[in-house]
Every structure is written in structure tokens, then in C-alpha cells.
Amino acid sequence: LAGTCLSPLGRLATVLTWPMEPKPRVGRPKQFAACCGFLFAMCGSVSYLVNFPSHTITGSVFMGMLAIATGMEGVFDFCLGCAFFKIGIQLGLIPQ
């Protein structure tokens, strides 16, 4: 509610990141990646909540793949969803 002014972690992040310049990104690949992340999160959550054989394993696999993709984005600045978006355009699965 108060933003970064009251949160100690928010204050630390503001102090550490203020000299960094933001990197503008193209919108469509990032939107596609965000939708993929949302779908993986929903599939993982539903797998945990719905009772079927090996539902916890399925949910763990979805959440693990989501964690790997977001980790690659955060650590290596490599967007896995954007790479799949590029492949989809090259194969003609996604319209330009």
C-alpha cells in the first residue's frame, strides 16, 4: 500500500538499482512469455489442487519448469518464452 518507502527490502532495492538504466524490450515476445508463465503457474496450481494419480509430481514438474524459465531470465537475461515466440514466428505458428 505504501510502496517502497516503508518496506526495508523495497528501500534496499531502490538504493541498489537506482544507477541502473532500464532495458526497453519488444512488447509482443514479452507478452507471449508472460502468458506462458501464467499458463504454467495455473497448470501447476490446478495439478496440486485436483486429486488424480501423481498430481503432486505433475504440479512439481510444472512449477519446476516455471522456476527454471524465470531463473534463466533473472540470472542470464535469457527469455525462454521469447525464444519460443521467435521459433513460433519462424515456423508460421504465430502470425507476424
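How are H2 and H3 oriented to each other, roughly parallel or roughly antiparallel? Let's find out in the viewer.

Before you start, note that this is a predicted model, in which local features need pLDDT of at least 70, side-chain atom pairs count only at pLDDT 80 or more, and totals for chains, interfaces and linings use all residues. Residues are numbered from 1 along each chain as its sequence is written, and side-chain values use heavy atoms, leaving out hydrogens and water.

**First stop: the two helices.** Select residues 27-49 for H2 and 55-76 for H3; helices are DSSP runs (H or I, at least four residues), numbered from the N terminus. Their axes, lines fitted to C-alpha atoms over the stretch in contact, give angles from 0 to 180 degrees between N-to-C directions. Here the angle is about 155 degrees and the axes lie 7 Å apart. H2 and H3 are therefore roughly antiparallel, the word for angles over 145 degrees.

**Next: the contact.** Show side chains where heavy atoms come within 4.5 Å. On the H2 side you will meet, among them, Phe 40, Ala 41 and Tyr 48, and on the H3 side residues including Phe 62, Met 63 and Leu 66.

**Last stop: a salt bridge.** Pick Glu 73 and Lys 30, whose closest N and O atoms are 2.9 Å apart. The rule asks for a side-chain nitrogen of Lys or Arg within 4 Å of a carboxyl oxygen of Asp or Glu, and the count comes to one salt bridge. Glu 73 lies in H3 and Lys 30 in H2, so the pair ties together parts 43 residues apart in sequence. Colour by accessibility: Glu 73, at 25%, is partly exposed, and so is Lys 30, at 26% (partly exposed lies between buried, under 20% relative accessible area, and exposed, over 50%, with a 1.4 Å probe and protein chains only).

How values were computed
Parallel < 35°, antiparallel > 145°, perpendicular 65-115°, else oblique.
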